[in-house]
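User: I have a model open and would like to go through the reasoning behind its labels. Could you walk me through the sheets and the helix packing?

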Amino acid sequence: MLSRSTFSRNAPRALQKQCSAAGVNSRRSMASTATPGLQYDVTEAAGVKLANREVAGPTATLALVAKAGPRYQPFPGFSDALEQFAFKVSLGIQCQLLPAPDRSLRINREVELLGGEVSSTHSRENVVLKAKFLSNDLPYFAELLAEVASQSKYAAHELNEVVIKHLKLRQQALAADPEQQAVDAANALAFHRGLGESITPSTTAPFEKYLSAEALAAYAQQAYAKSNIALVGSGSNSADLSKWVGEFFKGLPSSGSAGQYQLQPHVASKYYGGEQRISSKAGNAVVIAFPGSSAFGTSGYKPESSVLAALLGGESTIKWTPGFSLLAQATQGFSQVRASTKSVTYSDAGLFTISLSGKADQVASAAKNAVDALKKVAAGEVTNEDIKKATALAKFRALESAQSLETGLEATGSALLNGGKPYQIGEIAQSIDAVTEAQVKDAAKNFLSSKASVASVGDLFQLPYGEDLGLTV
């Protein structure tokens, strides 16, 4: 499969952009200005959606985002297995005569010779294949991603002897993590099917009866079809990337064939809410969730959710101090409690979560304090200074993450696949800057007036019910 000529393409290439110091009049103007190097150029090559940003530097990243996460899988475990088969065994032209272990070793050795890194992950909505490499090696890694998408071999012995064993290890890790169990339960309460599917099946899920090599191969054909993937790059020249994607991805099928193992259709997410309690000896966790903001560029995007998440917080950003966040202050007396607040965004919905884990009796008390803190925001009993701090922190997190070449790869790929707007970091920062104190207050009010999703895992004798916390479930 892989053209050996790609190894000879090592002639130095001039960087497309040179770093330059920009004059800035003030800290605020610097934070709100959309830096060109952080903006994505969107195009299409060989029928594949493509976005790239030309960040000056000697390295680059390229990700293939497939709309094939648990939200779209036909049966439990398919997204996990698809992720784990990536970069494992292929049927490339030059390695068809090699035994399977040698084919896998070939990919490993070639990537190592080029000093690159390859990895695969999956979220609730997507499977993401990612390559990081020296910019001059773009042709090789573009071809490698095309090979993984079109020529991976889903062997029964690999599935049974390696992939399923790894999946069971993930299940064990999930069973030992009460907070992640509670997060999964909160998503299930909030969305039922679709976004409510667990990222990894629980230990009680009978995924083995659905999963086979043939079934996974049929699912992969759908998952990696042109209409279901997007490529997102960072650090490469846009013209070069479009050229190589056009060359190597042109043979990819436009769509998969219909069958039992096809992707689940996209059904608009609906929020439900409710309560679930799971007994566990692994630890204690309570997750309180509300309908939140969807991804940037969608009609449901609400930047005030990010500000409110920073205001409630829970984890300090400064060493040796609890920080200004309301949860950090509310849990100061609980040394065995970890608290955090997140605004989790999806393509057409969002979930605002407050997570608390630790010793059961302290988690119970801290959960009550967390709801009281939210009520305090809704009543306008927070200072304008704290709102400003939260806004600055939310904006900093968005801008700071932009310095990584990987920022927004999945978010942008997901946006392209769902007809949304690419993850433009400058515009996100500006939208956060424009959030008012009234918007934050109204967001807290809306959460408290809506039906919550409350998931408790651990010692249920001590962990509270949602009603005990003053929530509607």
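User: What makes β3 and β5 a pair of strands?

Analyst: Happy to start there, and note that this is a predicted model. Two strands pair if there are at least two bridges between them. Strand β3 (residues 59-66) and strand β5 (residues 127-134) have 8 bridges, in the antiparallel sense, so by that cut-off they count as a pair. Within this pairing, Leu64 is opposite Leu129 in β5.

User: Why are β1 and β4 called edge strands?

Analyst: Their sheet is open, with 6 strands in the order β1-β2-β6-β3-β5-β4 and mixed pairing. β1 (41-45) and β4 (117-122) each have a single partner strand, so one side of each lacks a neighbour in the sheet. From one strand to the next, the twist averages 20 degrees.

User: Which helices go with this sheet, and what does α8 touch?

Analyst: Helix α2 (residues 78-85) lies across β4 and β5, at about 175 degrees to β4. Helix α8 packs on the sheet too, where it touches β1, β2 (48-53), β3 and β6 (229-234). The direction of α8 makes about 155 degrees with that of β2.

User: Why are α4 and α8 called oblique to each other?

Analyst: Helix α4 (residues 138-151) and helix α8 (residues 238-248) pack at about 40 degrees, their axes 9 Å apart. Angles under 35 degrees count as roughly parallel, and 65 to 115 as roughly perpendicular. The angle of about 40 degrees fits neither range, and α4 and α8 are therefore oblique. Their crossing is right-handed. On the α4 side the contact is made by Leu138, Pro139, Ala142, Glu143 and Ala146, and on the α8 side by Asp240, Leu241, Trp244 and Phe248. These divide into 7 nonpolar, no polar and 2 charged residues.

User: How do you know that β8 and β10 are paired, and in which sense do they run?

Analyst: The same kind of check works here. Strand β8 (residues 285-291) and strand β10 (residues 350-358) run antiparallel and are joined by 7 bridges, against a requirement of at least two. Ala285 has Ser357 in β10 as its bridge partner.

User: What makes β7 and β9 the edge strands of that sheet?

Analyst: This open sheet of 5 strands has mixed pairing and the order β7-β11-β8-β10-β9. β7 (274-279) and β9 (337-345) each pair on one side only. Neighbouring strands are turned by 10 degrees against each other on average, direction ignored. Helix α6 (residues 178-191) packs on the sheet, touching β7, β8, β9, β10 and β11 (453-458). Helix α11 (residues 360-378) also packs on it, touching β8, β9 and β10.

Definitions and conventions
Residues are numbered from 1 along each chain as its sequence is written. This is a predicted model: local features need pLDDT of at least 70, side-chain atom pairs count only at pLDDT 80 or more; totals for chains, interfaces and linings use all residues. Side-chain values use heavy atoms; hydrogens and water are left out. Axes are lines fitted to C-alpha atoms, for helices over the stretch in contact, and angles run from 0 to 180 degrees between N-to-C directions. Helices (H or I, at least four residues) and strands (E, at least two) are DSSP runs, numbered from the N terminus. Angles under 35 degrees count as roughly parallel, over 145 as roughly antiparallel, 65 to 115 as roughly perpendicular and the rest as oblique. A crossing is left-handed if the near helix is turned anticlockwise from the far one by less than a right angle, and right-handed if clockwise. Contact means heavy atoms within 4.5 Å. Ala, Val, Leu, Ile, Met, Phe, Trp, Tyr, Cys and Pro count as nonpolar, Asp, Glu, Lys and Arg as charged, and the others, Gly among them, as polar.
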